[in-house]
Every structure is written in structure tokens, then in C-alpha cells.
Amino acid sequence: MSNFSSMSNTYFKFKQFTIHQDKCAMKVSTDACLFGAWIAQQKLQGNLLDVGTGTGLLSCIIAQQHCTLMIDAIERDTSSYEQAKENIVKNSFTNINIIYDDFFNYTTSKQYDAIVCNPPFYKNHLKSKQVQHNTAKHFDDAAFNSLFIKIYELSNSNTSIYLLLSAEQYTALIQLMRNNNLHVNEIIFIKHKTTHQAIRVFLKASLTASSTINTSEIIIKNEDDSYTSIFSNLLQDYYLAF
């Protein structure tokens with residue numbers, strides 16, 4: 001299994017739930033699982049918004065650890081929405097509310113305590129002919145700007161914002177976030193091995209700027225191809241292999 005590729009089976013079984021993914025363009029991936037597990041270790045309370053939930057993976061991972069957290073999972077793609085709804089119902093996550101809507105047009109009186117998003121990020125890559133695949137995988141600067149504007153609108157002074165981005169674009173997007181009054185407080189670089197360049201970046205942000213930005217890294221595998229202790233510890237509540 002490649003550490004940043006999609007897991008292409010029609011379903012992926014975790015210790016406490018199963019994610020079906022036959023209807024979705026974006027499949028369960030290692031980086032998304034790691035991202036969800038990292039968020040689930042945070043101090044979360046109140047309500048959380050999962051933007052572009054896809055299969056519902058992030059919501060399910062978080063809901064497993066935070067049963068009193070109220071989660072709104074929003075998805076605009078019809079097939080992905082049906083998939084997420086199926087996964088949430090079959091896995092009996094009663095604290096997840098699945099919403100069929102375009103996030104950019106979403107209206108609510110809520111201001112969320114946490115917002116999580118694994119947005120498309122292949123903005124400079126050749127696009128496929130499949131509309132669903134393009135929507136799931138490709139974003140441009142205007143879309144990111146709209147995303148950050150909407151996240152700001154749905155946030156309060158204490159909201160924690162979690163984003164999964166590609167390493168090649170995170171610097172420019174941090175500036176774009178700052179332009180929209182979102183301030184990065186923590187950066188985690190995700191690497192396949194110590195000797196490799198980071199390929200993904202986890203960001204934690206808020207409406208409040210901090211004097212310093214905490215920076216660290218998560219290495220997935222040791223040089224002998226065994227999983228590192230930090231990766232194993234994060235995924236041990238989810239992966240059957242641990």
C-alpha cells in the first residue's frame with residue numbers, strides 16, 4: 001500500500017466502523033486517515049463542521065473518539081452525499097448530521113467550534129474528463145479564497161480550523177488565509193520516511209494570530225518499512241493492523 005495513495009477497495013474496514021467508497025471519486029487514503037486521527041486527539045467540544053465530507057471518513061474517525069460532539073458533515077456531490085449518508089447510518093453514528101448542500105452557499109445561524117477540511121489541491125495538474133473526479137481533486141486560487149472566506153464567516157473567536165494541504169502549495173495558501181483573517185498556529189509536515197520530502201501538511205488555524213507557529217513532522221515509516229511509533233500510536237484505535 002502506498003502511503004499517500006487511495007485505498008481502492010470498494011470498502012475499507014476499521015476497528016469500529018466500515019467506510020464504503022464505491023460511489024465516491026475520492027477514496028480512503030492514508031493521509032486522510034492520519035489527518036482524522038490527529039484531529040480526533042485534539043480537545044474538541046460543542047459542534048464541528050466537516051467541509052466536503054466525501055465518504056464521511058473524517059466525521060466517523062472523529063465521532064468514534066468524541067461521542068458528545070455534534071458534527072455537521074456537508075457534501076454537494078450527490079453520489080458522495082449518498083455514500084456518506086450510508087456510512088453514517090450503517091455505522092450508527094448518531095452525533096453526525098449529514099447535509100446535502102454546496103458549502104459556498106450554505107447558510108446557518110451556527111458558528112462552529114471546530115471546522116475540518118480536506119480540500120482538493122491539484123490545481124496545476126491536468127484534469128480528467130470525469131466531472132466528479134475533477135470536482136473532488138481540483139481547486140484553484142479563487143476556490144481556495146472562497147473557502148477561506150466561508151470558513152471565517154462560520155467561525156467564532158475560539159474556533160479551531162484544521163486543513164490538510166499538499167506540501168507544494170501550503171506556503172501560498174497560508175498567505176491567502178492570512179488575507180482572510182485566518183491565522184495558522186500549528187504546522188505538521190507529513191513524510192513517508194525521514195529522508196523524503198514532505199508531501200502533505202496539516203494546518204491548525206484560528207481567528208487569533210499567535211506569536212509563534214508550532215512546527216513538527218510526522219514520519220510514517222522507518223527505513224526498514226515498519227511503521228513509526230508516532231504513526232502507529234495515532235492509528236492504533238482505527239487500523240486493524242495495529
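# Briefing: strand 8, helix 3 and selected residues

Strand 8 and strand 9 (residues 200-206) run antiparallel and are joined by 7 bridges. The model is predicted. Strand 8 also pairs with strand 10, this time in parallel, through 6 bridges. The points below cover these strands, one helix, two loop residues and the cysteines.

**Strand 8 and its partners**

- Strand 8 covers residues 183-191.
- Of its 9 residues, 8 are buried, so strand 8 is largely enclosed by the rest of the structure.
- On the antiparallel side, toward strand 9, Ile-188 stands opposite Phe-202.
- Phe-189 has its bridge partner in strand 10, namely Glu-217.
- Strand 10 itself spans residues 214-219.

**Helix 3**

- Helix 3 takes in residues 78-90, which makes 13 residues.
- Its expected span is 18 Å, because each residue counts for 1.5 Å and the span uses one less than the number of residues.
- The end C-alpha atoms are 18 Å apart, so the model agrees with that expectation.
- The buried residues of helix 3 include Ser-80, Tyr-81, Gln-83 and Ala-84.
- Glu-86, Asn-87 and Ile-88 are buried in helix 3 as well.
- After the helix comes Ser-92, with a positive phi near 60°.

**Two loop residues with positive phi**

- Asn-181 sits in the loop between helix 6 (170-179) and strand 8 (183-191).
- Its phi is positive, near 65°, and Asn-181 is a residue other than glycine.
- Asn-181 has a relative accessibility of 40%, so it counts as partly exposed; the partly exposed class lies between the 20% and 50% cut-offs.
- Asp-225 belongs to the loop between strand 10 (214-219) and helix 7 (229-235).
- Asp-225 is not a glycine, yet its phi is positive, about 75°.
- With a relative accessible area of 44%, Asp-225 is partly exposed.

**Cysteines and disulfides**

- Cys-33 has 0% relative accessibility, so it counts as buried.
- Cys-60 also counts as buried, because its relative accessibility is 0%.
- How many disulfides does the model have? The count comes to 0, with a cut-off of 2.5 Å between a pair of cysteine sulfur atoms.
- A disulfide is a covalent bond that links the sulfur atoms of two cysteines.

Definitions and conventions:
Residues are numbered from 1 along each chain as its sequence is written. This is a predicted model: local features need pLDDT of at least 70, side-chain atom pairs count only at pLDDT 80 or more; totals for chains, interfaces and linings use all residues. Side-chain values use heavy atoms; hydrogens and water are left out. Helices (H or I, at least four residues) and strands (E, at least two) are DSSP runs, numbered from the N terminus. Buried means under 20% relative accessible area, exposed over 50%, partly exposed in between (1.4 Å probe, protein chains only). Two strands pair if DSSP finds at least two bridges between them.
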